[in-house]
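Biologist: I should like to request a close look at a single part of this protein, the space enclosed in its interior. Please explain what surrounds that space, and then set it in the context of the rest of the chain.

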Amino acid sequence: MTATAAKETRAFQTEVKQLLDLMIHSLYSNKEIFLRELISNASDAADKLRFEATKDDALNEGDSDLHVYIDVDKEARTITIRDNGIGMSRDEVVSNIGTIARSGTKEFFGQLTGDQEQDAHLIGQFGVGFYSSFLIADKVTLTTRRAGLTKEHGVHWESAGDGEYELDTVEKETRGTEIVLHLREEADEYLDAWRLKSIIHKYADHIPFPIRMMGVPVPAAEGEEETPAVVETVNQASALWTRPKSELTDEDYNNFYKHIGHDFEDPMAHLHQKLEGKYEYSLLLYLPKRAPFDLWQAEAKHGVKLYVRRVFIMEASEDLLPRYLRFVRGVMDTNDLPLNVSREILQKSPAMDAMKKGATKRVLAMLEDMVKNSPLADDDSSDITEAEIVGEEKEESSVNYADFWSEFGNCLKEGIIEDDANRDRIAKLLRFSTTSSDDQTVALSDYVERMQEGQDTIYFITAENLAAAKHSPHLEVFRKKGVEVVLLHDRIDEWLTSHLTEFDGKKLQSIAKGELDLSGIGENADEEKKAHEEKAKAAEPAVEKIKESLGDKVKDVRVTDRLTESPACLVSDQFDMSSNMERILKQAGQNVPDMKPILEINPDHELIQRLSKMRSKDKINDFSSILFDQAVLAEGALPEDPAGFVRKVNALLKQ
Ligand code: ADP
Ligand code: MG
């Protein structure tokens, strides 16, 4: 592809075709967003120009009055949106308008259901951007020139949104982009300047560039001349985060969020603070209501933009907020960074570092506030000192922390692994399912409060899913003793528990690892201990037989008191990898050293007692092997030889 190729027709990428089709059918009731999207793009383009021009003044081409101009032609039935931002080269047009390069696009389309309302939400999260022009237009032309290129390098793009577009090289005097929308029959209402102005107020008041339109001429009074129409600025054109909180309504905040977060829905909560200390900066941060579709993609976009003295500098970076807070959207603005230095230098600056730390603390504080204000919250959950905040009160949040947790909880868990400095704080924000509650609402502090007399450990189990965790044989003795166990069933939990080894001075302990000693818990502790020792002794022959039969399939065979119903279970050695972790790594195609489990047997179980008395070698072998494979199955894994297992069980059933 060369930039000088003349006129050509190209096909849209398949995903674009699909998107256009879906959008027109599922967003039909919210067509006005086309204007928000196009203004948002123009504003991004102005941001980029202003930033690049700080390093190369020639890009200004003598015109640094950055703005958006909107014109309506009732006769021709067109709306024109013109900016003098950065513009695009021919190659940029091809790759930006005509393809969707974002990762996860395929998966995204896979999620669509065909249900219009649901899909409208999904499409909202995905962001339809430029293509929303086709909501109201049956033909769109775009003429653009990249700042810094000469006027012969203008590009003309045109499409009816039907699968193809035309591309041509044209002359364009001024840099920037002009988009002409040829309205559909039924979109007449948008030819009304008042209607457009009200949409601009709604969505673009906070855009820091003026949006200009022709004013409406004042009709001439008797004997007077008509006052000629003049160009007027429609929006407030001041960056929202620089305005005092007292002047801003929830609607202002929500609309700004929709612009910056590319979201259709209102945010879940926001935080607007000016911080003064060694460094001075403003934060306007939002929590979305729903996780963006690409939250779990490796290249998931970060959503916080950095501004320096109101000039946009960069976006989407782990230098602004840690990765585990990648769902946060918003703006950080500071006076303490130079405008025209490279990204690399910015990234190493102590001011950036301080801002990142400060913003992280604020976001955690916002979550702590949500916990406090949520319906079921503890009153004494946390107290944050907000000394740094300049003369403003904290805002009330009306949202339920459980809603946040179900969308972003797994993301926050990464913070335990990533953010040593805030680990304790994050640990308090975690919520889990336990043996007393299935619905991921138990805080570790709730658990600690409910601990039994004599219990000094937080017990947990990891498994592939909630059902497997809940039905694990390891839980039997805990049920009997009434000891709560945290049920972990997300992939990340294995990593979580290897980093979170203590909470509130209590050790966290996997109930499927190492030797278990619950003898100190409960009333008849001493008697139980004695009884167990006796049983262990009686089961000695069974242990020996199984050990000999299983050979080096197991690390050890021993008698346990963790089982009340099952004959046997597998445990990992205290410092070995758990079998759940082993399975996760194997599924991910990683080489895992073979971990040998320990088989623990229940001396009270009839099968074990029968085995103690067995003589036939073959029978002992079959029995031992069935016990082992059963224990493997109970872990949610497959026996090494499933068919062999079935054969042995059937043989046993026949006897
Ligand atoms: P998004 O804004 O989320 O990237 P859009 O579909 O709105 O998605 O726009 C796609 C891309 O097209 C933008 O990222 C930008 O590179 C380019 N673009 C769109 N409008 C303009 C414009 N007015 N000036 C310069 N580039 C633009
Ligand atoms: Mg856009």
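Modeller: The following account begins with the largest cavity and then moves outward to other parts of the chain. The model is a predicted one, and the values below are computed from it.

A general idea is helpful at the start: rolling a probe the size of a water molecule over the atoms shows where empty space is left. In this structure, a search of the whole model finds four cavities of 30 Å³ or more. The largest cavity holds about 50 Å³ of space. Its lining consists of F432, L444, I458, F460, V486, L488, L496, T497, L500 and L508.

Which elements each supply at least two residues of this lining? They are the strands β17 (457-462) and β18 (486-488), together with the helix α15 (493-499). In chemical character, the lining of the largest cavity comprises nine nonpolar residues, one polar residue and no charged residue.

One lining residue, L488, may be examined further. L488 is found in strand β18. Because its relative accessibility is 2%, L488 counts as buried, the limit for that term being under 20%. Between the C-alpha atoms of L488 and D138, which are 350 residues apart along the chain, the separation is 52 Å.

The next topic is nonpolar packing. In soluble globular proteins, nonpolar side chains tend to be buried together. Here the largest nonpolar core contains 76 residues, and those with the most contacts inside it are L287, L306, F404, L412 and Y459. Helix α9 (residues 350-373) provides the largest share of this core, namely ten residues. Why does the core lie between domain 2 (245-428) and domain 3 (431-654)? Both domains give residues to the core, and therefore it lies between them.

Helix α2 (residues 33-55) offers a further example of burial. Of the 23 residues in α2, 17 are buried, so that the helix is mostly covered. From its first C-alpha to its last, α2 reaches 34 Å, close to the 33 Å expected at 1.5 Å a residue.

Two residues deserve attention for their backbone angles. Most residues other than glycine have a negative phi, and most peptide bonds are trans. E61, although it is not a glycine, has a positive phi of about 45°. E61 lies in the loop between α2 and β2 (68-73). With a relative accessibility of 36%, E61 counts as partly exposed. Q440 is likewise not a glycine, and has a positive phi of about 55°. The position of Q440 is in strand β16 (residues 437-442), and its relative accessible area of 24% makes Q440 partly exposed.

Finally, two residues illustrate contact between separate stretches of sequence. S566 belongs to the loop between β21 (556-559) and β22 (568-571). Is S566 buried or exposed? S566 counts as buried, because its relative accessibility is 17%. S566 and H605 are 39 residues apart in sequence, and their C-alpha atoms are 7.2 Å apart in space. A568 lies in strand β22 and is buried, at 7% relative accessibility. A568 and Q630 are 62 residues apart along the chain, while 7.9 Å separates their C-alpha atoms.

Definitions and conventions. Residues are numbered from 1 along each chain as its sequence is written. Chains are lettered from A and ligands numbered from 1 in the order in which they are written. This is a predicted model: local features need pLDDT of at least 70, side-chain atom pairs count only at pLDDT 80 or more; totals for chains, interfaces and linings use all residues. Side-chain values use heavy atoms; hydrogens and water are left out. On a 1 Å grid over the protein atoms alone, a cavity is a set of points where a 1.4 Å probe fits but cannot get out, and a pocket is an open set with protein on both sides within 12 Å along at least five of seven lines; lining residues have an atom within 4 Å of a point. Grid points are joined across faces, edges and corners, and a volume is the space filled by probe spheres set on the points. Helices (H or I, at least four residues) and strands (E, at least two) are DSSP runs, numbered from the N terminus. Ala, Val, Leu, Ile, Met, Phe, Trp, Tyr, Cys and Pro count as nonpolar, Asp, Glu, Lys and Arg as charged, and the others, Gly among them, as polar. The expected span of a helix is 1.5 Å times one less than its number of residues. Buried means under 20% relative accessible area, exposed over 50%, partly exposed in between (1.4 Å probe, protein chains only). A nonpolar core is a set of buried Ala, Val, Leu, Ile, Met, Phe, Trp, Tyr and Cys residues joined through side-chain atoms within 4.5 Å. Domain bounds come from an automatic or database domain assignment.
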